[in-house]
Amino acid sequence: MKAAVLEAFGEPLVVREVPDPALAPDGVILRVKATGVCRSDWHVWSGEWKNSVPGLPHILGHEMSGVVEQVGSAVRNFKPGDRVIVPFSQGDGVCPHCLAGHQNMCDHLQMPGFTYNGGFAELVHVPNADRCLIHLPDDVDFVDAAAMGCRFMTAFHGVLRQGEVRPGEWVAVFGAGGVGLSAIQVAVAAGANVIAVDISPEKLAFAREMGAVETVNSREEKPSRAIRRITGGGAHVAIDALGIQDTCTNALLSLRKRGRHVQIGLTTYENGGRLELPVNFIVENEIRMCGSFGMPIPEYDALLQMVARGTLKPGRLVTRTISLEQVAQALQDMSTFAGVGVTVVTEF
Ligand SMILES: [Zn+2]
Ligand SMILES: [Zn+2]
């Protein structure tokens, strides 16, 4: 099969022939139809997260949809021809967290494109398929589905389950990249008033298209002050979709008393996984702060219902579709945070 192969960190991916994946009894082989290019791919490609892959050469790509081509002998829920989404956070289904319905917190988490070869390829093998694949409704296309493998589902879980966003609340979303734009759409669909915060006028304009009712350019105005003014006292929920010191601190300080902060963005390599927190503000205002990582399998049902009925439109985030040959350039372009919206590979 053809694949865009990571042969050296920070160097352009090499498109070449590689052996087809081997089928395990509990796995399926998919013909990939769409794979999103995500900032997490960039983190691995650049070498920042080099320890999250088993070694090189490796095939990245973890926001996938496709069609089942071969099915292992032990698989019961899927057959050739089935259309599927591949969630990036895959539980083993048998540890205490999986049994409690929190597959994204599995003790033995597998992630396509990270722990095994991913979707920048014609074919991909997904192990433990009965527990880790989602059937895609006929009326949802593959491009819509790709984002539901990572960014869109991450936002859905973060906004609705972790953030518990309710109708009429003010929600401030920091960072209008893929996850941030997804979070805006989900919060708007939940009935919230959304304020988007970013440093790029183009990204803020796109955030308005996703339904944000207000935008704040944090280069022009202190976001916590702007959000207090707009909301008359602070946001009910703040979402840090980026994970740098500025966005984390400003998100927290933009909250009203008893506000909720959802941390979705992971920190950069330079931060070493740590950021400073305004502890006194958190204590004195009874701020609740929680993390959000991926999404458990049971929440897909609600997400897919909203997508199938057109309440949520993950495909609207997609501003560019590309071929496998163009992935290398797309990753390099991410180094400067250039471009608006999401890029998806649709030609393999
Ligand atoms: Zn991703
Ligand atoms: Zn588990």
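Colleague: What makes Leu-23, Ala-24, Pro-25 and Gly-27 contacts of Gly-72?

Modeller: Contact means heavy atoms within 4.5 Å. Gly-72 touches those four, leaving aside residues up to four places away in sequence. The C-alpha atoms of Gly-72 and Gly-27 are 5.2 Å apart, though 45 residues separate the two along the chain. This is a predicted model: local features need pLDDT of at least 70, side-chain atom pairs count only at pLDDT 80 or more, and totals for chains, interfaces and linings use all residues. Residues are numbered from 1 along each chain as its sequence is written, chains are lettered from A and ligands numbered from 1 in the order written, and side-chain values use heavy atoms, without hydrogens and water.

Colleague: Why is Gly-72 called buried?

Modeller: Buried means under 20% relative accessible area, exposed over 50%, partly exposed in between (1.4 Å probe, protein chains only). Gly-72 has 6%, so Gly-72 is buried.

Colleague: Why is Met-289 called partly exposed?

Modeller: Its relative accessibility is 37%. That falls between the two cut-offs, so Met-289 is partly exposed. Met-289 lies in strand E13, residues 288-291.

Colleague: How do you know which residues bind the zinc ion (ligand 1)?

Modeller: Donors are N, O and S atoms within 2.8 Å of the metal (3.2 Å for Na, K and Ca); water is not among the atoms, so the site may look incomplete. Cys-38 (SG), His-62 (NE2) and Cys-150 (SG) lie 2.0 to 2.2 Å from the zinc, so they count as donors. His-62 sits in the loop between helix H1 and strand E4, and Cys-150 in the loop between helices H4 and H5, so the pair ties together parts 88 residues apart in sequence. Helices (H or I, at least four residues) and strands (E, at least two) are DSSP runs, numbered from the N terminus.

Colleague: Why does Asp-198 have no salt bridge with Lys-203?

Modeller: A salt bridge needs a side-chain nitrogen of Lys or Arg within 4 Å of a carboxyl oxygen of Asp or Glu. Lys-203, the nearest side chain of opposite charge, is 5.2 Å away, so no salt bridge is counted. Lys and Arg count as positive, Asp and Glu as negative; His and the chain ends are not counted. Asp-198 is buried all the same.

Colleague: What makes Asn-128 and Arg-258 stand out in phi?

Modeller: Most residues other than glycine have a negative phi. Asn-128 has a positive phi of about 50°, and Arg-258 one of about 65°. At 17%, Asn-128 counts as buried. Arg-258, at 57%, is exposed.
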